[in-house]
There are 4 protein chains.
Amino acid sequence: MTTPTQLPAASTDDEQCHTTHGYITDKERYLARLKRIEGQARGIARMVDEEQYCIDILTQVSALTAALRGVALGLLDDHMKHCVLEAAQLGDEAGLAKMQEATEAIARFVRA
Amino acid sequence: MTTPTQLPAASTDDEQCHTTHGYITDKERYLARLKRIEGQARGIARMVDEEQYCIDILTQVSALTAALRGVALGLLDDHMKHCVLEAAQLGDEAGLAKMQEATEAIARFVRA
Amino acid sequence: MTTPTQLPAASTDDEQCHTTHGYITDKERYLARLKRIEGQARGIARMVDEEQYCIDILTQVSALTAALRGVALGLLDDHMKHCVLEAAQLGDEAGLAKMQEATEAIARFVRA
Amino acid sequence: MTTPTQLPAASTDDEQCHTTHGYITDKERYLARLKRIEGQARGIARMVDEEQYCIDILTQVSALTAALRGVALGLLDDHMKHCVLEAAQLGDEAGLAKMQEATEAIARFVRA
């Protein structure tokens, strides 16, 4: 991957979007969702600690997995509409590199 | 929830294993894994708060999803080898009910 | 569902159910679903051959994936309620072996 | 990858890429993979017809699911690197529309 010839201040970090990250506008909402996810994880630990019924715990693990999937899809959507779009408009090379990176992340996610 | 020490008088509560829950032997290990999962969720929130790169966050969400999947498969395995096995040995009706319950939980999980 | 009262004639083949496979009662229905799935696969090939729009093809791949998931969950349900239940009633060892085998198959499926 | 310099003749059909579909270069390879997938589906039907062991059938369903996932990820990759990239270079509006469409297709796929 090559970085476009004009300025990212820190061009050492070619992993970065050239503007702010897409999710920043929704940052509070993401943080709230992740706070809830953290609480769900803590709740599952408590259920195990209290030796609650396995199936009930599994149901909560499924709910947490679905919540995470929602966060992943949201982040991906934001990423595509900001970083990837922007890279594509900088030129084919930058665009293709971001597309490749995004599809690799999607592949990791669907195989997780 | 407490685990009955006697055989259940009331089969009304067919949600319960008749002995202790299977995962109890591994309880500390499950708690350690869930503690780690909770930490992963907190780490992802911190990444969002610090506006780290979306793809790196997605990678961590994938890792957390995989960790949860591991917990789910472990709980399911324990459940099958304890609660379901035991129910099956109590008779067809009890066994079928537990099998049905387990496959429904699996369906919820794979569709999560 | 009948429980065998005799020991299996061929205990060498412990991969087999001791009675007929569970899905046999629904065999025609499974065959019809799989026929449809085969047709879906052929339809996707035709879409590619006709160079139809990628997103429309992806949508059909998702539909086919969901159909396969349904077949997998159905087979699993039948397997649990017949082979696994029966094995569990033959004794702990036979039951645990089938439970182990089933959870391994589930793990392969959810990671597929 | 060439970028169109002209406006699309038929902008009425905004479902289409303005050049040929991305996968066309790999068309023969996709067709070969889909032919194999169709054969896998037929093989699973035959296993059911012959009443083979459920777990073995499940294993084949998992393999087929993984093969489909590979096709989906390949199509998505091609789509992003051709149609989506091209749309992004036509302008924000066209780019965002294609990004939205792609993330919706991904969401359908990961929830399939």
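This is a chat about how chain D meets chain C, and chain A meets chain B, in a predicted model.

Biologist: Before we start, how do you number things, and what gets counted?

Modeller: Residues are numbered from 1 along each chain as its sequence is written, and chains are lettered from A and ligands numbered from 1 in the order in which they are written. The model is predicted, with local features needing pLDDT of at least 70, side-chain atom pairs counting only at pLDDT 80 or more, and totals for chains, interfaces and linings using all residues, while side-chain values use heavy atoms and leave out hydrogens and water.

Biologist: What makes you say that chain D and chain C are in contact?

Modeller: Contact means heavy atoms within 4.5 Å. By that rule, 47 residues from chain D and 47 residues from chain C take part.

Biologist: And how do you know what area is buried between chain D and chain C?

Modeller: Buried area is the accessible area (1.4 Å probe) that two parts lose on being put together, summed over both. For chain D and chain C that comes to about 4,400 Å², with carbon and sulfur atoms giving 70%.

Biologist: Why is the pair D:Lys27 and C:Glu51 called a salt bridge?

Modeller: A salt bridge needs a side-chain nitrogen of Lys or Arg within 4 Å of a carboxyl oxygen of Asp or Glu. The closest N and O atoms of D:Lys27 and C:Glu51 are 2.9 Å apart, so the pair fits the rule. The count between chain D and chain C is six salt bridges.

Biologist: Which elements of chain D give two or more residues to the side that touches chain C?

Modeller: They are α1 (27-49), α2 (54-90) and α3 (92-110) of chain D. Helices here are DSSP runs (H or I, at least four residues), numbered from the N terminus. The largest share comes from α2(D), with 18 residues.

Biologist: What makes a residue on that side of chain D nonpolar, polar or charged?

Modeller: Ala, Val, Leu, Ile, Met, Phe, Trp, Tyr, Cys and Pro count as nonpolar, Asp, Glu, Lys and Arg as charged, and the others, Gly among them, as polar. Sorted like that, the side of chain D that touches chain C has 29 nonpolar, seven polar and 11 charged residues.

Biologist: How do you know what symmetry relates chain D and chain C?

Modeller: You superpose the copies by least squares on the C-alpha atoms of residues with pLDDT of at least 70 in both. Chain D lands on chain C with an RMSD of 0.0 Å after a turn of 180° and a shift of 0.0 Å along the axis. That is the relation of a two-fold axis. The same surface serves both copies, as 100% of the contact residues of chain D recur in chain C. Of the residues of chain D, D:Glu38 comes closest to the rotation axis, at 2.8 Å (C-alpha).

Biologist: Now chain A and chain B: how many residues of each are in contact?

Modeller: There, 49 residues of chain A touch 50 residues of chain B, and the buried area is about 4,600 Å², with 68% from carbon and sulfur atoms.

Biologist: What makes B:Glu38 and A:Arg42 a salt bridge?

Modeller: Their side chains meet at 3.0 Å, N to O, so they pass the cut-off. The count between chain A and chain B is six salt bridges.
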